[in-house]
Amino acid sequence: MRRVVCPGSFDPVTFGHIDIIGRAAKQYDEVVAAVLNNVNKRGLFTVPEKLDMLRESTADLGNVRVTDFDGLLVDFCRANGIETIVRSLRSVSDFDYELQIAQMNFRLSGVETVFMTANPQYSFLSSSLVREIAQHGGDVSSLVTPYVQDRLRDKYEERSRG
């Protein structure tokens with residue numbers, strides 16, 4: 001079985017993430033969409049909320065499994081029999097950063113990294129941009145699923161109530 005991991009913070013999951021996961025799902029037998037539980041970084045959503053949104057957003061992809069992980073991605077890969085990481089490249093600056101990580105991951109474990117170029121429709125898209133737009137009441141309907149859009153609205157309403 002050819003299994004790959006698509007790791008990320010998914011805070012929140014965007015159409016760009018879903019596009020890459022979906023494209024990987026066409027190429028591999030199983031795609032593990034793995035949410036990083038980064039204790040050093042506080043996101044807008046909790047890990048369980050991110051998992052919920054990611055599961056909802058990929059529900060129509062039968063060979064996608066959603067989970068979370070702590071620590072090094074290569075340790076997660078070893079523990080789950082995953083030999084390949086799929087990462088998205090939106091720009092040249094992404095490549096510089098991702099190449100260093102890919103080379104270190106390979107050095108640490110022999111795990112390969114496959115790069116997929118972002119769909120031009122989503123090349124500008126980032127979770128932080130979505131959060132900023134949503135925080136100010138902007139329309140994110142073309143950037144995230146309706147379910148994620150509702151979760152964003154609920155989260156910012158909850159924060160505004162204190």
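## A surface patch and the cores beneath

Leu72, Met104 and Leu108 make up a nonpolar patch on the surface, with about 290 Å² of accessible area together. Patch members have over 30% relative accessible area and no salt bridge, and nonpolar side chains (Val, Leu, Ile, Met, Phe, Trp, Tyr) are joined within 5 Å; a salt bridge is a side-chain nitrogen of Lys or Arg within 4 Å of a carboxyl oxygen of Asp or Glu. Areas come from the Shrake-Rupley method with a 1.4 Å probe. This is a predicted model, where local features need pLDDT of at least 70, side-chain atom pairs count only at pLDDT 80 or more, and totals for chains, interfaces and linings use all residues. Numbering runs from 1 along each chain as its sequence is written, and side-chain values use heavy atoms, leaving out hydrogens and water.

Leu72 sits in the loop between strand E3 (64–69) and helix H3 (73–79). Helices (H or I, at least four residues) and strands (E, at least two) are DSSP runs.

Now go inside. The largest nonpolar core (buried Ala, Val, Leu, Ile, Met, Phe, Trp, Tyr and Cys joined through side-chain atoms within 4.5 Å; buried means under 20% relative accessible area) has 34 residues. Helix H1 (15–27) is among the elements that each supply at least two of them, and the largest share, five residues, comes from H1. Val64, one of the residues with the most contacts inside this core, touches Ile21, Ala25, Val31, Ala33 and Thr58 (heavy atoms within 4.5 Å), leaving aside neighbours within four places in sequence.

Terms used:
Patches are made of residues with over 30% relative accessible area and no salt bridge: like charges are joined within 9 Å, nonpolar side chains (Val, Leu, Ile, Met, Phe, Trp, Tyr) within 5 Å. Buried means under 20% relative accessible area, exposed over 50%, partly exposed in between (1.4 Å probe, protein chains only).
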